[in-house]
Amino acid sequence: MSSFAFFVTGTDTEVGKTAVSCALLYKAHQQGLTTAASKPVACGTEMTAEGPRNEDAVALHQQCHPSLTLEEINPVLFDAPTSPHIAAAEAGATLSVERMLPPIREILALRRQFTLVEGAGGWYVPINDHEDLSDVAIALDLPLILVVGIKLGALNHAFLTYEALKRSGLPIAGWVANSVTPPPSEHCLDQYLDILHRRLEAPCLGIVPFMDNPQPEAIAQHLDLTPLLGA
Ligand SMILES: Nc1ncnc2c1ncn2[C@@H]1O[C@H](COP(=O)(O)OP(=O)(O)OP(=O)(O)O)[C@@H](O)[C@H]1O
Ligand SMILES: C[C@H](N)[C@H](N)CCCCCC(=O)O
Ligand SMILES: [Mg+2]
C-alpha cells in the first residue's frame, strides 16, 4: 500500500488538532495501516517522573505503530506554553524552517502508511521574526488537513484560514468540524455546518460533537479516512 502523509493545521490553538490527529491515527491503525506522527515543535510542559513532557507529543506517541521514541516525534520542546517564537527566545534558542525540517523528514522517510505532522496553534503562528509554521508545511509540500474548532467566531476563523491555505498552493485534503465547546443550540450548529460545507471546497472528514471524554477511539467514530486514502 502507498504511504500517505498530511500536515494538520487548525483555525486556532486549542481547536482539537491533537485530538483529531490522534483519532485519525487510531482509525488508520484499526484499519491495519502503519502509522507515524511528528510534532516538530511543542510549547508547554508538565513535570512527570520521566522528566518534562508535552501532552501533544505524548498523545501522538501513543498512536504510532510500530512505536517510535518521543524524541523522534517531538525533537524540540520548550517549557513556555506560548507561541514557538517566544518560547524559543525564552529558552535562548532560535527556531527556523531549515532546522525544523530534518527530524520531520526522518519521520516521513519511514514511509509509514499513514503519517501526520501537527503544527502548533493556527496556520500563521510565528517560529521566528520572518518565518511561520505555514512555511514548514510549504517546505514539506504536504497536503493539509484543517481542523475547524466549532464555537462562536469559528466561521470567520475558518474562512480566513481557508483563504490562507489556498494561497499556499498546497492541496487541502480535508477538513474536520470539531466542537470544542458545547454548541449553543443544535439549530445553530446545523447552520454553521451548512455554510462550512458550502464554502470549504475540500472533503469533510467528519463532524465531531463536543464530548465529555474526547478519547481517540470515541472521536474516530465520527471520522472518515476514505477521502484521505483514495477509493
Ligand atoms: N470534540 C471534543 N469534545 C470535547 N473536548 C474536546 C474535543 N476535541 C478536543 N477537545 C479538548 O479540547 C482541548 C484542546 O484540544 P487539542 O489539545 O487537541 O487542541 P490543539 O488544536 O491540538 O491545540 P494546540 O494548538 O495547543 O496544539 C483538549 O483538552 C481536548 O481534550
Ligand atoms: C501553547 C499552545 N498550546 C500552542 N502549543 C501554541 C499556540 C501559539 C499561539 C500563537 C498565537 O497565534 O497567538
Ligand atoms: Mg495540539
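**Helix α7, the ligand 2 shell and the annotated site**

In α7 of this predicted model, the buried residues are A154, A158, T161, Y162 and L165. Viewed down the axis of α7, these buried residues fall within an arc of 110°, so they line one face of the helix. This pattern fits the general geometry: an α-helix has 3.6 residues a turn, so residues three or four places apart point the same way. On the face of α7 turned away from the buried side sit the exposed residues N156, E163 and R167. The length of α7 can be checked as well: helix α7 covers residues 154-168, and its 15 residues, at 1.5 Å each, should span 21 Å, which agrees with the 21 Å between its end C-alpha atoms. After α7 comes G169, with a positive phi near 85°.

Turning to ligand 2, the surrounding residues are T13, C43, G44, P81, T82, S83, A120, G121, G122 and V125. Sorted by class, this shell holds four nonpolar and six polar residues, and no charged ones.

A further point of interest comes from the UniProt record, an unreviewed entry, which places the feature "binding site" at T18, D56 and E118. These positions are spread over 101 residues of sequence, yet they cluster in space, with a largest C-alpha distance of 9.0 Å. One of them, T18, belongs to helix α1, residues 17-30. T18 counts as buried because 27 other C-beta atoms lie within 10 Å, the cut-off being 20 or more.

As for confidence, the chain has a mean pLDDT of 96, with 97% of its residues at 70 or more. For the complex, the predictor gives an ipTM of 0.99 and a pTM of 0.98.

Terms used
Residues are numbered from 1 along each chain as its sequence is written. Chains are lettered from A and ligands numbered from 1 in the order in which they are written. This is a predicted model: local features need pLDDT of at least 70, side-chain atom pairs count only at pLDDT 80 or more; totals for chains, interfaces and linings use all residues. pLDDT is the predictor's confidence in each residue, from 0 to 100. A residue is near a molecule or strand if its C-beta atom, placed from the backbone, lies within 6 Å of it. Ala, Val, Leu, Ile, Met, Phe, Trp, Tyr, Cys and Pro count as nonpolar, Asp, Glu, Lys and Arg as charged, and the others, Gly among them, as polar. Helices (H or I, at least four residues) and strands (E, at least two) are DSSP runs, numbered from the N terminus. The expected span of a helix is 1.5 Å times one less than its number of residues. A residue is buried if 20 or more other C-beta atoms lie within 10 Å of its own, exposed if 12 or fewer, and partly exposed in between; C-beta atoms are placed from the backbone. The arc is that of the directions from the helix axis to the C-beta atoms. UniProt positions are given in the numbering used here, feature names are shortened, and annotations may be inferred rather than shown by experiment.
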